[in-house]
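Dear colleague,

Please find below the structure that I am handing over to you. My findings follow directly after it.

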Amino acid sequence: MTAHNRIDHSADNADESNSARSEVRVLDQSRPRSENMAANKIECNACPVLCQITEGRSGACDRYANVQGVLTRVDPLVLLTRLDGQSPAEHASVQPLELQRLQDREPSDASSSAQEVNATSASPELFVTGVGAGTTYPDYKPAPFMVSSKLNGVDMVTVVTEGIFSYCSFKVKIDTDRYLGPERASIRHRGEVVGHVTTAEYGSQMLSLGGVHHLTGGSKKEGRITCEMMMALGNKHAVELDIEGGAKLVVQAGRAPIVDGVEEKHMRVGCGSATIGIFAKQWFGHVDEVVVVDDHITGVLSEHQAGRCLDMPPSGIKMRGRKSTPGRYFQVANPGQGWGGTDIANPLDIIDGFDPEHARPGMRLLMTSTTGEHAAWFVLNEQLQPQPAAMPSAVQKVVDRIVENCEPSLTSVLFLAGAGGSLRAGVTDNPVWLTNSIKQAMTHVSCGGAPAYVWAGGGITVMVDVLRMPDQSFGSVPTPAIVAPIEFTMRLDDYARLGGHLDCVRPLNEVIHAERQRSVHWPVDHSDWPVHQKPMLG
Ligand code: SF4
């Protein structure tokens, strides 16, 4: 018998005991029929939208459906299985359930699916993720799954749910020294403001996308478009973005960013000053001066500490911009799409000339960007003006090494969300104990099985790399808000101490036999395997 065949959603059963609830997990999300509701409809209360769903149809979020009068989570529950030497991407497969298939499903289907998984491994090589687990709203209801298992002889429990997050955003790191737009500039998606450019990091530009302000604080359209963009980004799809006063982007987790239609190849080796420091010795003897053009810190070899350590004589070069410390210049040009993230196409534009006291005809000057993508060789003429010349092979070799040392440019997407609200009530009657247990490392937090970084301070603010999560981990509801998996794993005796919903705990074997599921294989990486991080008793 399938899980949904066992479900009785009659009003009489709405307050069943907890033990019964553990067998009929979707019962709590279909409410007693109201008098005004058509006979072929049921109401879903898995989120505040409270869809009334006609038989054979799904609700507004496409996550819940009315299957023969039973409210049913459409997507299967995702299990992680650990397998040697294989990446999740090789094995993860998305199998959206067609409603018709679900209706036609025979009782034997569930058991054959479970046998498939059982054949793969036994506890603890299986991990039940929140993907497809379903949501509980309001969250004073116990979470959809509380799964018990043994780890090295210790009784463990994992509380599994799909959280509904209004307070959440994506932090996007784009490996490029190209100027994407001014800090704090608005970012649009399909015409709506969905985020902003935030503080650049070393070799990367950073975006902050989504968040409660755009989801709830603007127009209805802004909230809807923001939500769609966030879901696509979290599910590892490509998203088009338009930065006000800056570039047009296509970003996708794990892929090279596309900036103004051009796919980015490399991130820079370092800032201009760092590049001087790294390669000074290799240039020494082949050049009289090197300028590494960079939007932030342009480096000048003869003045730089690295040049001084090599006893390089001053070249008399006069740089534009603001001198910071010897050999390090800020603001030599405006930011842009030219050399080193500046707006210059001709590198000589940032040189004001050469002091005849130090400079001499025939002096050799290399100018390069921080990626080596742009590089030019000059020799000073009698008037001490740099003249283009063919770059010597010894110098070209070092420029090539800059290129070699630039890592591939990628887009990284981190999901950042606050699980410190009512979601905790689905875990324990006393929510602050859950928060405290996480801070004390008694409880391990994961999202779709991926390790989550928990921010210091109050609440449970987690951050997770979407690439480590199973495909299609994210959903949404039209409130609008993002739906994302979250799991709390701890020792069973600790869970009892936290005031957990012990009467809802089900053995792993029971869950995998009862639920429709898809398995996602995970590589052997003990640091990643969610239940391997043993909680410590305080
Ligand atoms: S939007 Fe989805 S979760 Fe919310 S009530 Fe409708 S079907 Fe249920």
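Pro-480 is found in the loop that joins β32 (475-477) to β33 (481-491). The peptide bond leading into Pro-480 from Thr-479 is cis, with omega near -5°. Please note that the model is a predicted one. A cis peptide bond also links Tyr-137 to Pro-138, here with omega near -15°. Pro-138 belongs to the loop between β7 (126-128) and β8 (145-151).

Two residues other than glycine deserve a check of their backbone angles. Gln-472, in the loop between β31 (461-465) and β32, has a positive phi near 55°. Ala-441 has a positive phi of about 65° and is placed in the loop between α11 (431-439) and β28 (444-447). Gln-472 counts as partly exposed because its relative accessibility is 31%, between the limits of 20% and 50%. Ala-441, at 38% relative accessibility, is likewise partly exposed.

As to the overall fold, the protein contains 13 helices and 35 strands. Of its 538 residues, 53% count as buried. Among contacts with a separation of 6 or more, 67% are between residues 24 or more positions apart.

One open sheet comprises eleven strands in the order β17-β16-β15-β14-β11-β12-β13-β10-β27-β31-β30, and the pairing is antiparallel. The edges are formed by β17 (262-263) and β30 (453-454); each has a single partner strand, so one side of each has no neighbour in the sheet. Within this sheet, β10 (residues 168-175) and β13 (residues 204-210) are joined in the antiparallel sense by seven bridges, and Val-172 has Leu-207 of β13 as its bridge partner. Helix α7 (residues 220-234) packs on the sheet and touches several strands, including β10, β12 (192-201), β13 and β27 (411-418). The direction of α7 makes about 50° with that of β12.

The ligand is surrounded by Cys-44, Ala-46, Cys-47, Leu-50, Cys-51, Gly-59, Ala-60, Cys-61, Arg-63, Tyr-64 and Pro-478. This shell divides into nine nonpolar residues, one polar and one charged. Which of these classes does Arg-63 belong to? Arg counts as charged, so Arg-63 is the one charged residue of the shell.

Finally, the cysteines. The structure holds zero disulfides. Cys-47 is buried, because its relative accessibility of 9% lies under the 20% limit. Cys-504 is also buried, with a relative accessible area of 6%.

With kind regards

Methods:
Residues are numbered from 1 along each chain as its sequence is written. This is a predicted model: local features need pLDDT of at least 70, side-chain atom pairs count only at pLDDT 80 or more; totals for chains, interfaces and linings use all residues. Side-chain values use heavy atoms; hydrogens and water are left out. Two strands pair if DSSP finds at least two bridges between them. Helices (H or I, at least four residues) and strands (E, at least two) are DSSP runs, numbered from the N terminus. Contact means heavy atoms within 4.5 Å. Axes are lines fitted to C-alpha atoms, for helices over the stretch in contact, and angles run from 0 to 180 degrees between N-to-C directions. A disulfide is a pair of cysteine sulfur atoms within 2.5 Å. Buried means under 20% relative accessible area, exposed over 50%, partly exposed in between (1.4 Å probe, protein chains only). A residue is near a molecule or strand if one of its heavy atoms lies within 4 Å of it.
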